[in-house]
Amino acid sequence: MMTIREYKRVESLEEAWELNQKKANRVIGGMIWLKMEDIQIPTAIDLNKLGLDQIEEDGNEFKIGAMVTLRQLETHESFNKATCHVFRDAVKDIVGVQLRNLATVGGSVYSRFSFSDVICSLLQTYAHGRISLEEFVNLPYEKDIVEYIYVKKTNLPSAFVSVRRSATDLSVLNASCTKYADHYRFCFGARPAIAKVYNCDLDHIDLDVYCADNMRGSKEYREKLVEGLTQKLMRKVESYVG
């Protein structure tokens, strides 16, 4: 059972960051996983007054607030059109609409779950500033706050696929791909380790994706899935090119 002693809806990011430096205090969002823990929280920090629940767009990129829900991403027409529906495909099978209306992008990114289907390009944190997601996922956990995730408009063909044991289960393996002028950029997650990027020449696909066992699948099974999902991704990407 989760017990909250004090609830604070902060007025600024600075206030949230200072409160969050106390070890047991927690930033709350959709609280999808947090509410399942048996913990006592001295102060629950609510970011809802900070205007981080919007998706903004300019000519170069999308600026996604940390409190934007997965459902907002899933149904945002302009965002999905610009990203070949990669994000819609990444979140549409996560449990159900009710959960996706609660789960936030910031919580998904900050938690760095190995099974996460939420794939983004860039993010900004209050202490570290603007860094790539690839760098962020390898940082140690700190008492920091995700503010924005930035996704550049590259107009490059991209795709996302995953394998699940049932429609709303966590992924056994998930993968994405973007085709650049001279290479493919693949990303494999739920290996069951955290998602990792692999770059390959256009004419030579050589992926050495590390996989392991867990309750959802064996190492050998995942290695076979890597082969199958790679081919599926390339077909989807090439269909956009065509």
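The legends below describe a predicted model of one protein chain, first as a whole and then in several close-up views.

**View 1. The whole chain, with its 8 helices and 12 strands.**
In this predicted model, the secondary structure of the chain comes to 8 helices and 12 strands. The radius of gyration is 18 Å, close to the 18 Å that the globule rule gives for 242 residues, so the chain is as compact as a globular protein of that length. Along the principal axes, the C-alpha trace spans about 55 × 45 × 30 Å. Of the 242 residues in the chain, 45% are buried, and the chain exposes about 12,500 Å², of which carbon and sulfur atoms supply 49%. Among the contacts between residues at least 6 apart in sequence, 54% join residues at least 24 apart. The chain also carries 32 positive and 34 negative side chains, and the centres of these two sets lie 4 Å apart.

**View 2. Strand S10 and its pairing with strand S9.**
Strand S10 covers residues 171–179 and is mostly covered, since 9 of its 9 residues are buried. Strand S9, made of residues 158–164, pairs with S10 in the antiparallel sense over 7 bridges. One place to look for this pairing is Ser 158, whose bridge partner in S10 is Thr 178. The connection from S9 to S10 is a hairpin through 6 residues. When following either strand by eye, it helps to remember that in a regular strand the side chains alternate between the two faces of the sheet.

**View 3. Strand S10 beside strand S11.**
S10 also pairs with S11 in the antiparallel sense, here over 6 bridges. A residue to find in this view is Asn 174, which stands opposite Gly 189 in S11. The hairpin that joins S10 to S11 passes through 3 residues.

**View 4. The hairpin of strands S11 and S12, with Ala 190 and Pro 192 in its loop.**
Strand S11 (residues 183–189) and strand S12 (residues 196–201) run antiparallel and are joined by 6 bridges. The bridge partner of His 183 in S12 is Asp 201, while 6 residues lie between the two strands of the hairpin. Two features of the backbone deserve attention here, and they are best read against the general pattern that most residues other than glycine have a negative phi, and most peptide bonds are trans. Ala 190, in the loop between S11 and S12, has a positive phi of about 55° although it is not a glycine. With a relative accessible area of 3%, Ala 190 is buried, because buried means under 20%. Pro 192 is found in the loop between S11 and S12 as well, and the peptide bond leading from Arg 191 to Pro 192 is cis, with omega near 15°.

**View 5. His 85, in the loop between two helices.**
His 85 is found between helix H3, residues 77–82, and helix H4, residues 86–91. Its phi is near 65°, a positive value in a residue other than glycine. The relative accessible area of His 85 is 27%, so this residue is partly exposed.

**View 6. Leu 52, a buried residue in a loop.**
Leu 52 has its place in the loop between strand S3 (40–46) and strand S4 (55–57), and with a relative accessible area of 3% this leucine is buried. Which residues does Leu 52 touch, not counting those up to four places away in sequence? They are Leu 47, Gly 65, Ala 66, Met 67, Val 68, Glu 147 and Tyr 148. Leu 52 and Met 67 are 15 residues apart in sequence, and their C-alpha atoms are 5.1 Å apart in space.

**View 7. Ile 94, in the loop between H4 and helix H5.**
Ile 94 has its place in the loop between H4 and helix H5, which comprises residues 97–100. Is Ile 94 buried or exposed? The relative accessibility of Ile 94 is 15%, and since the limit for a buried residue is under 20%, Ile 94 counts as buried. Not counting residues up to four places away in sequence, Ile 94 touches Leu 70, Leu 99, Arg 100 and Asp 117. Ile 94 and Ile 4 are 90 residues apart along the chain, and their C-alpha atoms are separated by 27 Å.

How values were computed: Residues numbered from 1 in each chain as written. Predicted model: local features only at pLDDT ≥ 70, side-chain atom pairs only at ≥ 80, totals over all residues. Heavy atoms only, no water. Helix = DSSP H or I, 4+ residues; strand = E, 2+ residues; numbered from the N terminus. Rg over C-alpha atoms; globule rule 2.2 N^0.38 Å. Buried < 20%, exposed > 50% of the residue type's maximum accessible area, 1.4 Å probe, protein only. Contact = heavy atoms within 4.5 Å. Areas by Shrake-Rupley, 256 points an atom, 1.4 Å probe, with all protein chains shown as cover. Lys, Arg positive; Asp, Glu negative; His and termini not counted. Charge placed at Lys NZ, Arg CZ, Asp CG, Glu CD. Pairing = 2+ DSSP bridges.
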